[in-house]
Amino acid sequence: MGQSSGIGVLDKAVGVLRAAAGAPCGLSELVERTGLPRATAHRLAVGLEVHRLLERDPDGRWRPGPALAEMAHGHHDPLLTAAEDVLPTLRDLTGESVQLYRREGDSRVCVAVAEPASGLRDTVPVGVRLPLTAGSGAKVLIAWSPEAPGAFDADLLAEIRRRGWAQSVAEREQGVASVSAPVRGPDGAVVAAVSVSGPVERIGRKPGSRWANDLLAAARALEKALA
C-alpha cells in the first residue's frame with residue numbers, strides 16, 4: 001500500500017488510485033493489487049468514481065479519472081496548458097492516440113492525452129507510470145538524458161538524436177506501434193516526449209515515415225509555451 005500517513009481511509013484510497021494508475025483494473029485485480037478486502041476496494045473505487053478521480057473504460061475497468069488532470073492543470077503548468085490545444089490538433093491530424101510523457105526517476109508518466117472519438121485506440125490514461133525499457137517515448141527520454149539507463153543500444157540512441165525522433169513496434173504492448181519526439185525546455189534540456197500511437201495494422205511498422213514531421217511540429221508548438 002506504500003507509505004502510511006496514519007489516516008487509514010486516506011491511505012487505502014490512495015492505494016486504490018495507484019493501483020488503477022498502474023493499468024486499468026476490474027474489482028478482482030484491484031483487490032489483488034491493493035490487498036484490500038473486496039467490499040472495501042469496491043466501496044473506495046466507487047467513491048473515487050463519484051468524485052471523478054477514477055472512471056471506467058469501455059470494458060468497465062477503473063482507470064484514473066479526468067479530475068486528476070483538471071487539478072494538475074490548476075497549477076498553471078504551461079506545458080499541460082499548451083497540451084490542451086496541441087495534442088487534440090495532432091490527434092485530429094493523425095487520427096491516432098496522442099500522449100505526452102514526463103520522466104520521473106526510472107519511469108515515464110503520462111501527463112496528458114488526446115484520444116480519437118471512436119475506433120480501435122491505444123488508450124494510455126493520464127497518471128499511468130511506464131518503465132523506461134520499451135517504447136518510442138522511453139527511447140526519446142533516454143536518448144537525451146545524461147543518466148541514461150542501459151535499456152537501449154548506444155548506436156540506436158545516437159541515431160535517435162541525429163534524426164530527432166524515435167519509433168517502436170510491439171515493444172510496450174503487442175500490436176501497438178508508436179513514434180515520439182522530444183519537447184525541450186528553455187535551457188534546451190528535454191523535459192517531455194510527445195507520442196502518436198496506434199494499432200500496427202493501421203499505423204504501420206514504420207510510423208516515423210508517416211508522422212515524424214507532424215510530431216516534430218507539435219513538439220515545437222509545445223516548446224513555444226515554455227520559452
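1. S195 is buried, with a relative accessible area of 2%, where buried stands for under 20% relative accessible area, exposed for over 50% and partly exposed for what lies in between, using a 1.4 Å probe and protein chains only. The residue belongs to strand β8, which covers residues 190-199; helices (H or I, at least four residues) and strands (E, at least two) are DSSP runs, numbered from the N terminus. The model is a predicted one, in which local features need pLDDT of at least 70 and side-chain atom pairs count only at pLDDT 80 or more, while totals for chains, interfaces and linings use all residues. Residues are numbered from 1 along each chain as its sequence is written, and side-chain values use heavy atoms, with hydrogens and water left out.

2. On the surroundings of S195: with residues up to four places away in sequence not counted, S195 touches S97, V98, Q99, Y101, G137, V179, S180 and L215, contact being defined as heavy atoms within 4.5 Å. The side chains of S195 and S180 are joined by a polar contact of 2.5 Å. Such a contact is a pair of N or O atoms within 3.5 Å, and within protein one atom must be able to donate a hydrogen and the other to accept it, while residues adjacent in sequence count only if both atoms are side-chain atoms. From C-alpha to C-alpha, S195 and P182 are 9.0 Å apart in space, with their positions 13 residues apart in sequence.

3. S178, in strand β7 (residues 176-184), counts as buried at 10% relative accessibility. Its side chain makes a polar contact of 2.6 Å with the side chain of S136. Apart from neighbours within four places in sequence, the contacts of S178 are S136, A166, Q167, S168, V196, S197 and P207.

4. A further serine, S107, is found in strand β4, residues 107-114, and is buried with a relative accessible area of 15%. Residues up to four places away in sequence being left out, S107 touches R102, R129, L130 and L132.

5. Two alanines in helices deserve a comparison of their exposure. A20, in helix α1 (residues 8-22), is buried with a relative accessible area of 0%, whereas A39, in helix α3 (residues 38-50), is exposed, with a relative accessible area of 55%. Beyond its neighbours within four places in sequence, A20 is in contact with C25, L54, W62, R63 and P64, and its C-alpha lies 9.2 Å from that of G127, although the two are 107 residues apart in sequence. For A39, the C-alpha separation from L27, twelve residues away along the chain, is 9.4 Å.

6. On the rings, the charged end of R108 sits over the ring of Y101, 4.5 Å from its centre, and R163 lies over the face of W165 at 4.1 Å from the ring centre. The criterion is that NZ of Lys or CZ of Arg is within 6 Å of the ring centre and within 35 degrees of the ring normal.

7. At the level of the whole fold, the protein chain has nine helices and eight strands. Its radius of gyration is 18 Å, close to the 17 Å that the globule rule gives for 227 residues, so the chain is as compact as a globular protein of that length; the radius is taken over C-alpha atoms, and the rule is 2.2 Å times the number of residues to the power 0.38. The C-alpha trace spans about 55 × 35 × 35 Å along its principal axes.

8. Of the 227 residues, 47% count as buried, and residues 24 or more positions apart account for 51% of the contacts with a separation of 6 or more. The accessible surface of the protein chain comes to about 11,200 Å², of which 53% belongs to carbon and sulfur atoms; accessible areas come from the Shrake-Rupley method with a 1.4 Å probe.
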